[in-house]
Amino acid sequence: MFIWMFFVSVRALDPEIIDLLTPVKSLGEACGYDACPNLQQDVLNVHLVPYSHTELGMYKHFDLFWSGATYYEDMNTTTQSSMFSMKMTFDATITELWENRERKFTLSDSELPYFFHWWARRDSTVRRMVYELLRQGRLFIVGGGWSMQDEGTTSYHAIIDSYTYSLRKLNRTFLSCARPLVAWQADNTGHSREYASLLAQMGFDGLFISPISFDDELIRMERRGLEFLWRGSDDLGMSTDIFTHKLYDGYRSPPGFCFTPGSLDPFLVTTAKSVIQIEERADLFIDLMRDRQSPYYTTNHILVIMGGYFGYFAARQWFKNIDALTNAVNKKTYKMEKKIHLHYSTPHCYLKSVYEAHPILETKQDDFIPLGYDKNNYLSGCFTSRPDLKYFIRVGHVYLQTAKQLQVLAKLGHDKILDDFMWIMGVMQDHNIITGSLAHHSKLYYMKRLDYAIQRSMTILQDGFNELTESSFRIEYKRCEFNSSVCPFTASPTFHILLYNPLSWPVTMPVRIPVRKSKYIVYDTKGNKIKASLLPVSIHVLNIVTRETKTDHEVVFLANDIPGMGFKSYYFERVEKHKRSIIKKLNPHPQKKYYIRQASDVYNKTYFEEEAIYDDEDEKSERRYDDEFKDDKPNISFASVEDFSPDNRNVVTPKSNRANDTTEVIPILLKEGTDTYIAETSTIVTEGQNTTELKSLERTAEILQTTQKQTTNTNVVTEELNVVTERVEIATRTPKKGSERENLDSFYAVESKDNFIENKYIKIELDSYRKISKLTLSNHLNTSLDIQFYYYVSDEATKVREEVTDVIDPGPHLFRPMDPKPVPIMDYLDTKIYKTDVVQEVHSIYSAYASFVARLYKDSPCLELEWTVGEVPVDDQLGKEVFIRYTTELNNSGVFYTDSNGRQTVKRIRNQRATYEPYDFNNIAGNFYPVTSKIYIEDTAMDARFSILNDRAQGGTSLIDGAIDMMVVRRILTDETGIGLTVNDTIDGKGVIVSGKHYLYLSKSNYRPNRAFEKKLAKEIELKPLSIISDTRLTIDNWLDLKMEFAGINRLPFGVHVLTLQNWNDGTLLVRLENFLEKSDVVKTGVKYVFLKRLFYNIEVERVRETTLAANVWLSDWTPLRWEKNGSFLTNFNKYYGTDLYEYDDKEEPLKDDDKPGIKLVPQQIRTFVVWFKSS
C-alpha cells in the first residue's frame, strides 16, 4: 500500500504559492504515486520515460554546459553560446510539456543545479507553468542529490550532506510534489553497498542503476535477475533493504530510436510530416520490447528511457516522435492483439506497478565494484585519477563542517555563504568531478570555485573564533597550504595558531607549521612552554612547482586533547637571530677533552622490554596503549657541537652539507670532576666506495689542546657565532656521584646514523641498505615490512598494437597495464634519519620523482608515511600508473577488506566476485577497489592485521599475499572518451607533484578494541582538525587574556559522533548522531545511548522530532515498502563470503527503541533529528 508522506516543515511560503503547488483533486490533479495510472495486468506495459542525461564535468563545466559555449584548451578560447545548452533544454522541455497534458518528463540529480539556476532567472509566468506541471505529476524529479554522485570515491558524510542540501531546497521551493520517491544512479562507475544503505535510510522506495559489469549483467539476464532486493547493511538489517532495478539501456533510448538532431537514427516525425517507414519502425519497436527486453524482467512491466545525452534541447522533436511512436504501436497492437501498451510514465510509477505485481525478488548483499565494460576494460582508474582534486574536496568537507558548527555555537548569520558552500560541495561529489574524469580546464574551474567557497567561509570561522575567544578586538585568521608545507603568515616573529576539532571527542594530533630555519618557543593556553622540534621539509616537497616560499623547515609539536567541537590555541615566539661574542673561561688545569656528536640517549636505545596491558571492553572510551619499549641503561647525554667538524688544519670548521653525510655516535664517559664536555662526532663522508673517517679520539683531544694553546696569552677562547642557527655549547658542571647525566633535549632535529626509529609502541628497523625492513610492536607482534614504489606502463593500445579492435586506450576511468609485471622505481636510495623528542623520521628518496617520509610520533600507535610523487617522467611517451606496495609476511590467502564510502567494511577475494564467476577476468585492473578510508589484510594464524588508512580516495588491492598496493598517481597520455580528458595535468609544462599520507597500523586481528581504535582513527583522518593561523601582533600576555580553549560539546560514549550540527528552519537545529562502530568491532552489543538535553554549549534542548536520514520526511510519516524475496539474507556477508558456511537472518525485525532513557544507537546506525531549543 502506498502512503503519501508529509514533509518536514519548512520556512513559510507565500499562501498563493502554496495554493499553486497543491493539487486540485476536483480537476483530476495529483502528484506522486497518486498521479500513476491504473494499467491492465494482461498486457506488456511499456513505461516510456522521457529523460535528458546531463553532466557537470567531463569536457565542460557548469558555466559552459549552461550556456552551450565550448572551451578550446589548446587555444585558450571559448566559443559563443549555442542551442546545445541547459538553458535551452529547460525552456524547450517546459514548453513542450505545457502543450500536451499526456506528456511527462523526468529530472535527475545531475540536472538539479542547472534547474535551480534556470528557475532563479524565470518570471512568474514560467514559474506558474512549472507549479502546474509539478502538481499534476507531469514533471517528476528522481534522485534528489545535488549531482549524480560517484559511489566509489565519495565519503558517506559528504553524500548525506549533498542529499540533505538538495532535498531541503526542493522542499522549500516546491513542497511535497517535488519529493523524489526513487533514487537514480544511471551513469556511475560502479555502485557501492553503503550508498544503497544510505538511500534506503533516506526513505527512497527504489533505486535505478546503470551500468554494472558486463559479465554480471549477462548472468543476471539469464536468471531474470535485473531487479532484486539489495541489503545495504548487515548491521542495520531490513531498514537498509531497497528495491533495485538495472536500467536496460542505461540513460539512452533503445537502439534505433534516438531523436536528437544529428543522430543517425531515422525520425518518425520531422518538422513537417511523418516519414513513410512509420509502420516498419513500429514493428521494430514492438520486437525490441517483446524479444529484446521483457524476457529479462519478472513482471509484465518494462521501463524504457526515451532520451540521451543532452538530447532535450530539441524537446519538440523528441516529444513529437514519441507521440507518433506511441500512437502507432498502440494502434497496431490493438488491431493485431499483440498485447503491448506504450504510455508516458515515470520511474516511480513503474516501481508502483512492479510492486503491485508482487514479484519474488532475488537478494544481494555485496556491491557492483569495480565495473568492467568488457573483458579488456575495467573502470578502476577513476578511484585514483587526479589525487590533488580528491584531496582538496576532502579539505573542503572539513571546512564546511567547521563552518556549520561554528554558525550554531557562536550564533552567527552568514546563511548565504553556507548555502553557496553547500552548493559547490554537492557538485564536487559528482561522478565525473570527484573521480577526476574531466578536462583539465574543468578541473581548474571547480577547484577555483571550491577555493572561493572555502575562503568565504573564513568569514564564519573568524567571526566564530572572535566570538568564542571573547576577544575585545578583531583578530584575523588565515588558512595555509599545509599539505605542501606553505604558510607565508609564519614569517611574523610572533603568531598563534588555532586548531578546530569538528569531531565529537578530544583529539591529540601532531602539528607541523612551516617556517624558515629558526628557534621557536611554543606556548600552550596556560602559558607553559611545550616541547617542540624543528625538522627539515623533505627535498621532494621543496621542489613542488607551485610552492612559492622560502620556508624549508617545520616546527613540530603534539597538540593534546583538542576539545570536541571546539578549539585550542598555541602561541609561537621566534628567538630572533643576532650575533654576539661569547667568552668562555677555561679551567686552568684542563682535563682531556673529546669532541663527540651525541644525540640524546633516548634516540639510541638498543635494549627493549615490553609489557602488555590491554583493556578488553569496548565500553571503555578507547584502548589504552600501555605497551611500551623501555630502556634500562643509564640516561647519558652530552652537550653538542652542531654542524662542526675538525679539518686537516686542526681547527673547527663547518661540517659539509653533502646529502650523503652521515653521523656515527660515539658515547664517552668522562671521569668525575670539573669537566668541559664538548659534543662532536666522527664524520663519515660517503661518495661511491670512498670513506673518510675521523682518526681517533686521541687525535681529537690533540686538536682541542692545540686550539687551547693558541689562546694561552689571554686564557680565553673568543668565538663569534650565530646563537640560533650555529652554535657551540659547552657545559661545565660537577656531576653528583652515581647520578645519571643530564638529558639535554635539543629543539633541532638530530640526523642519526641509527638503523631504526621508535616510540613506546613501535620500532621500525632498516636493513644494511638503509631501507625499511621490519615493524615490531612492543607486545612482540612483528612482521617484515618492505615499502616500494612501482609503476605499471599504461596499455596505450593505439600506440603499441598493430590491430586494435575492442581494446580502447586507458583514460581517467579506465586502468589497464601493458604488462602485468610492474616496474620498480629504484634509481637510487638516499635515506636520512632525523630524531627529536616529538617525532622520529625516515626520509627515503627512491628517484627524482618518488620519495616518502615515514614518521613515528611520540605516543602514536601507527606509522605515518607521507609519500610524494612527481613529476612522473613521460619522455618515453608511455603513461605510468604509480603505486606503493607495502609487503609484509602475513598470509592473507587472497582475502582483503576495503571500506565502503568510508563507513562499513566489505570483504574482497582476489580474482573473485561474490555472486558470479567473472568472464575473462583481468587480474590486475579487476582486483583494484576504491579505498576511501582504509584497506587491510589479516593472518588469523599469526593473529595479525595490517591496515593502511589514507587521506583521500585511492585504488587499492592485494595482488600478492602479504602485500597491499595503493595507487597514488596516474599520469597517462591517452583518453578512453576521445574528448580530451587525458590525465596529464601540468603546470608551466611540467607534470604536477602530489603529496599524500598513509597511516600504517599493525595490530592483533582478534582483539576487537584495536578495530574500534582503527575506526576512530579513520574518523580523525577524515575530519582532521583545521589549523588556522593568525599573525596579528599579540604579546603573549594579550594572547593569554583570551579564551583560547573551547569545547562545544559534552562527553559522548565511545563510538558516537555528531555527524551534523547546523541551523535548520525557523530557529531549529538539525542534529544527526551516528554510531560509527560495526558489530565486528565491539565486544558486547555496541549499543550506545545519547542524551541531547545539554549536550551542546549554550544550547538547552526542549524537544526533538526524528526524520529520515536526509531530513526531508518525518520518520513517523514514512512506511517502507516490503518486498517478497526468494530467500533470506546472510547474517554477515563478510563472515561467510568465500566459505562453505552459512547463517541466515530469519528475524527480519526493524530497528526500534527500547525502554531505556536516551537516544538508542546500534552499531552503524545514524539518526536525524530536528531540535527545538533555547539558549542556556
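## Strands 36 and 42

How many bridges join strand 36 to strand 42, and do they run parallel or antiparallel? This is a predicted model, and in it 8 bridges link strand 36 (residues 786-793) with strand 42 (residues 880-887), the two running antiparallel. To pick out one pair, Asp786 has Thr887 as its bridge partner in strand 42.

Zoom out a bit and you get an open sheet of 6 strands, in the order 37-36-42-49-48-45, with antiparallel pairing. The edges are strand 37 (823-824) and strand 45 (929-931), each of which pairs on one side only.

## Strands 1 and 11

Here the direction is parallel: strand 1 (residues 44-53) is joined to strand 11 by 5 bridges. Leu44 finds its bridge partner, Ile340, in strand 11. Strand 11 itself (residues 340-344) is mostly covered, with 4 of its 5 residues buried.

## Helix 13 and what surrounds it

Helix 13 covers residues 415-428, which makes 14 residues. From first C-alpha to last, helix 13 reaches 20 Å, close to the 20 Å expected at 1.5 Å a residue.

Is helix 13 largely enclosed or left open? Of its 14 residues, 10 are buried, so the rest of the structure largely encloses this helix. The buried set is Ile417, Leu418, Phe421, Met422, Trp423, Ile424, Met425, Gly426, Val427 and Met428. As for who they pack against, the list runs to helix 2 (62-67), helix 4 (112-119), helix 6, helix 12 (387-409), helix 14 (440-468) and strand 55 (1056-1063).

## Ser166 in helix 6

Helix 6 (residues 156-174), one of the elements that the buried residues of helix 13 pack against, is home to Ser166. Ser166 has a relative accessible area of 0%, so it counts as buried. If you skip its neighbours within four places in sequence, the contacts of Ser166 are Leu112, Gly144, Gly145 and Trp146.

## Cavities

If you're after internal voids, there are 17 cavities of 30 Å³ or more. The largest has a volume of about 160 Å³. Its lining is made up of 20 residues, and the ones nearest the centre are Asp366, Asp367, Ile369, Arg913 and Ala914.

What kinds of residues line the largest cavity? The lining divides into 10 nonpolar, 3 polar and 7 charged residues. Strand 44 (residues 904-909) supplies the largest share of that lining, with 4 residues.

Technical notes. Residues numbered from 1 in each chain as written. Predicted model: local features only at pLDDT ≥ 70, side-chain atom pairs only at ≥ 80, totals over all residues. Heavy atoms only, no water. 1 Å grid on protein atoms, 1.4 Å probe; cavity = no way out; pocket = protein on both sides within 12 Å on 5 of 7 lines; lining within 4 Å. Points joined across faces, edges and corners; volume = space filled by probe spheres on them. Nonpolar A, V, L, I, M, F, W, Y, C, P; charged D, E, K, R; others polar. Buried < 20%, exposed > 50% of the residue type's maximum accessible area, 1.4 Å probe, protein only. Contact = heavy atoms within 4.5 Å. Expected span 1.5 Å × (residues − 1). Pairing = 2+ DSSP bridges.
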